[in-house]
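Hi,

Here is the structure I said I would pass on. Have a look at it, and then read my notes underneath.

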Amino acid sequence: MVALRQSIRFKIFAIAAALLLAMIGTSIWSAFSTARVNKQLAAFSEGLFPLALTLGNLRAEMISEREQLHDDGRRACSKGFDARAEQSQKLITQAFRYREQGSELAQLERNRLKFAELGPALSQIRTMHETLVKEVHALCAAPDAQTVAAEMLLVRTRVVELEESLTVLKDDLGTFVSESFHVVEQNERHALIANLSLVGVAALVGLYLAYVVSRGLTVPIHRLRDGALAVQSGRLDSEVAVTTVDEIGDVTRAFNAMLADLRAKEEIKATFGQYVDPRIVSRLIEDEASRSVSGEKQRVTVFFSDLAGFTPIADRLTPGGLVTMMNAYFTQMSNAIREHHGIIDKYIGDGIMAFWVPPFVSPETQAIEACGAALAQFERLARFEQELPELMGLRRDLPPMSIRIGLSSGDAIVGSIGSDVARSFTVMGDVANAGSRLEEANRFYGTRILIDEQTRQMASDAIDVRFIDRAVLKGLSEAGAIYELRGMRGTETQHGVELIGLYEAAYDAYARGAWAIARKGFAQCLALCPDDGPAKAMLARTEQLASTPPTAWDGIWRAMTK
């Protein structure tokens, strides 16, 4: 069966209309039953009750007439008797009027029958009374006493019979009036109960209709709420059942369409997330990258890394094995960067370029996160070297592997850069070039991680560093301080603290051109730590400068090669 569309407005209107009809029906029934009871009361108060009182008064008049006839027959001929007879006739006429009035108002069958029975009875009373009056008048016209005595006996008998008939009729009507009062009272009670019952039934029906409709509204809303909570928690695998054909059904269908769209976007993210950082994919899909597409100047921290010792291993592997090894390596290193909220820009041979920039990371922590990612690379490299023999099937003669990393911070253009057919979300500026040069400078200084002055300042409270040199690196135009990142704050050993003190003192002599003092200081560093790369590099440079002193020395080294 095709379901007709029923809007929420229609459902609410239908409930209100049903309740209104129920209350109208209840009111009509209540008015009808109340009017019926009122007519019963009217028949009682305007017919039966005054009729009973009239018969009582008529009986009292009959008693007075009997007393006049009983004491002295001559009194019957007085004007007083005629007045009482006339009053009795008026009461009989009044009784007939009350009977007719009650008969018209009668609603109950028993009342109608009773009023019908009263007609002949009242007619008989009137006939008997009229006969009595005639006989009294005949008595008064009798010529002799003997006739008067005979007529008086007959008249008295008539009075007694009339009185007895009135008494029987009055008592019978009194009993009927009492019974009628109880019947009316009972009918009134029944009508009240019926009205209350009908109101209760109408209210229950209205509440049931309201419950059915409200449940039809709330159940799908609850399903939508559960679906929204599921989406909020990241579950997009189930749709919400469409059970109504109203506006909620429309919203549910729109919600399911949204779910399908979200699933499609998630599939796109999952696919392109292997090539582009998922956060960048999310911004592009959600059309929130308008500023990034056009480019924006921001403070950024750039990361460059290079795998040292890669060539000897690559020479021993097949192309397929080499790809397998590099995929495993890049997976480990990329995870370290992403765990610290970095964006991977590209893979350059065996190297990685990444950067940290708002809104993907807080500007207050971007340099700290970059330093943490750089240090985490070496922890993952140790695990990678342990897994490499099993991964590649190489059991022995594996050359050592290491990483060189450079970090620089500064202002750069961040955005989606490229042609109309291919773009890359990347950074452009001297800061990127500086990061690359710092990564390459590790070769000369024998270090693993070098950072610039801006990175050190941005992360100074969270890292331990050693000042290495002030130099103009190849490809850069300005001199800058170079620092070795040794660990996060509090990880430096006492041996390292002593080495840093000796190195700084030696470098201070080197910067002043005190070559002999500098040579001695760097030699002390090597005596404390024979494998210290910066001390070796600076000692060799100091000896070179001492043998051929520069004409003008400002303490800044200008590199001619990478």
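Below is what I found, going from the interior to the charged pairs.

First, keep in mind that this is a predicted model.

Let's start with the cores. The largest nonpolar core has 65 residues, and Phe-303, Tyr-329, Tyr-445 and Phe-522 have the most contacts inside it. Helix H10 gives the most to this core, with 10 residues. Another core, of 27 residues, lies apart from it and includes Ala-52, Leu-58, Leu-122 and Leu-166. If you want to look around Tyr-445, leave aside its neighbours within four places in sequence: its contacts then include Leu-450, Ile-468, Pro-534, Met-538 and Arg-541.

Next, helix H9, residues 319–339. At 1.5 Å a residue, its 21 residues should span 30 Å, and the end C-alpha atoms are indeed 30 Å apart, so the two agree. Among the buried residues of H9 are Met-325, Tyr-329, Phe-330, Met-333 and Ile-337.

There are two backbone details to check in the loops. His-341, in the loop between H9 and strand S2 (343–348), has a positive phi of about 65° although it is not a glycine. With 36% relative accessibility, His-341 counts as partly exposed. Further along, the peptide bond from Pro-358 to Pro-359 is cis, with omega near 10°. Pro-359 sits in the loop between strand S3 (351–356) and helix H10 (366–392).

On the surface, Leu-20, Leu-21, Ile-24 and Ile-28 make a nonpolar patch of about 410 Å². Ile-28 belongs to helix H1 (residues 8–71) and counts as exposed because its relative accessibility is 55%, and the cut-off is over 50%.

Now the charges. Side chains of opposite charge can pair when their charged atoms come close. The count here comes to 15 salt bridges. Three to look at:

- Glu-440 and Arg-437 pair at 3.1 Å, N to O. They are three residues apart in helix H11 (residues 430–445), so about one helical turn separates them. Both are buried.
- Glu-453 and Arg-456 pair at 2.9 Å, N to O. They are also three residues apart, in helix H12 (residues 453–458), so again about one helical turn lies between them. Glu-453 is partly exposed at 22%, and Arg-456 is partly exposed at 23%.
- Glu-492 and Arg-486 have their closest N and O atoms 2.5 Å apart. Shared partners join Arg-466, Glu-484, Arg-486, Glu-492 and Asp-532 into one network of salt bridges.

Cheers

Definitions and conventions:
Residues numbered from 1 in each chain as written. Predicted model: local features only at pLDDT ≥ 70, side-chain atom pairs only at ≥ 80, totals over all residues. Heavy atoms only, no water. Helix = DSSP H or I, 4+ residues; strand = E, 2+ residues; numbered from the N terminus. Expected span 1.5 Å × (residues − 1). Buried < 20%, exposed > 50% of the residue type's maximum accessible area, 1.4 Å probe, protein only. Core = buried A, V, L, I, M, F, W, Y, C linked by side-chain atoms within 4.5 Å. Contact = heavy atoms within 4.5 Å. Patch = residues over 30% accessible without salt bridge, like charges linked within 9 Å, V, L, I, M, F, W, Y side chains within 5 Å. Areas by Shrake-Rupley, 256 points an atom, 1.4 Å probe, with all protein chains shown as cover. Salt bridge = Lys/Arg side-chain N within 4 Å of Asp/Glu carboxyl O.
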